[in-house]
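Visitor: I'm new to this one. Could you take me in for a close look at a single part, and tell me what surrounds it?

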Amino acid sequence: LKQTSSFGAFLDPVADKFLVCASLLVLVHLQRADVFVALIIIGRDGILNRFREDHVKEPSEWEPLPGALEAVAKLNHAGWHVVVATNQSGIGRGLFDMVALNAMHAKMNQMLAKVGGRVEAVFFCPHTPEDHCTCRKPMPGLFQMIGQRFGRSLDGVPMVGDLPRDVLAAQSVGCEPHLVRTGQAATMPEAELQALRQQVSGLTI
């Protein structure tokens, strides 16, 4: 069984695919028993919750994608530690503050708990592109922080995102990149997807 077969369906909004996904992930976890922390990194907007062009600015605007929270719970039950890595430039743009962001994530955690799921941690970049920081994806800073937090290399760790910058950041630290078309990638032309496949080695879409 190849890992890519499970993560290709990881956040598909069609409910019956989550049952298949959970079964596959249990087998993958058994095959990787030598890995001391079964870690998976995922994006937030477009992966867990609906993407908004005007940014998710308050808890009422944080709406989970159908089946996404249940998918996280299935990963947890299969032994995976789920970590979120997300760009949140709305803070740097003055659209919301840390109080609002914490409230959004409190809502997310409460909703996850109701379906038996959890995320270990949320790593976020508050900067705008103009800040030229090292933590805004596609820069590797967030991923490096995750590796330091968990005390391990990220080589081969699955990363699930919905934008080219997600998988480019994943590739830069040796993660196994997976692009799901549940968020902004849903509208990417096939030509752009093909170009991304050539740019990101081992990319699963």
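Guide: Sure, and let's start wide before zooming in. This is a predicted model, and among contacts in the protein chain between residues at least 6 apart in sequence, 65% join residues at least 24 apart. The chain has 205 residues, and 49% of them count as buried. Its secondary structure comes to seven helices and five strands, running α-α-β-α-β-α-β-α-β-α-β-α along the sequence.

Now for the part I'd pick: Arg 44, which sits in the loop between β1 (39-42) and α3 (68-77). Arg 44 has a relative accessibility of 1%, so with buried meaning under 20%, it counts as buried. Who are its neighbours? Leaving out residues up to four places away in sequence, Arg 44 touches Asn 49, Val 56, Trp 62, Val 84, Ala 85, Thr 86, Gln 88, Leu 101, Met 104 and His 105.

There's also a link right next door: the side chain of Arg 44 makes a polar contact with the side chain of Asp 45, at 2.7 Å. Follow Asp 45 and you come to the largest pocket, with a volume of about 330 Å³. Of the 23 residues lining that pocket, Asp 45 is among the closest to its centre, along with Phe 51, Asn 87, Arg 165 and Gln 184. Two elements, β2 (81-87) and α6 (164-172), each give two or more residues to the lining, and β2 gives the most, with three. By type, the lining divides into five nonpolar, eight polar and 10 charged residues.

Methods. Residues numbered from 1 in each chain as written. Predicted model: local features only at pLDDT ≥ 70, side-chain atom pairs only at ≥ 80, totals over all residues. Heavy atoms only, no water. 1 Å grid on protein atoms, 1.4 Å probe; cavity = no way out; pocket = protein on both sides within 12 Å on 5 of 7 lines; lining within 4 Å. Points joined across faces, edges and corners; volume = space filled by probe spheres on them. Helix = DSSP H or I, 4+ residues; strand = E, 2+ residues; numbered from the N terminus. Nonpolar A, V, L, I, M, F, W, Y, C, P; charged D, E, K, R; others polar. Buried < 20%, exposed > 50% of the residue type's maximum accessible area, 1.4 Å probe, protein only. Polar contact = N/O pair within 3.5 Å; in protein donor to acceptor, adjacent residues only side chain to side chain. Contact = heavy atoms within 4.5 Å.
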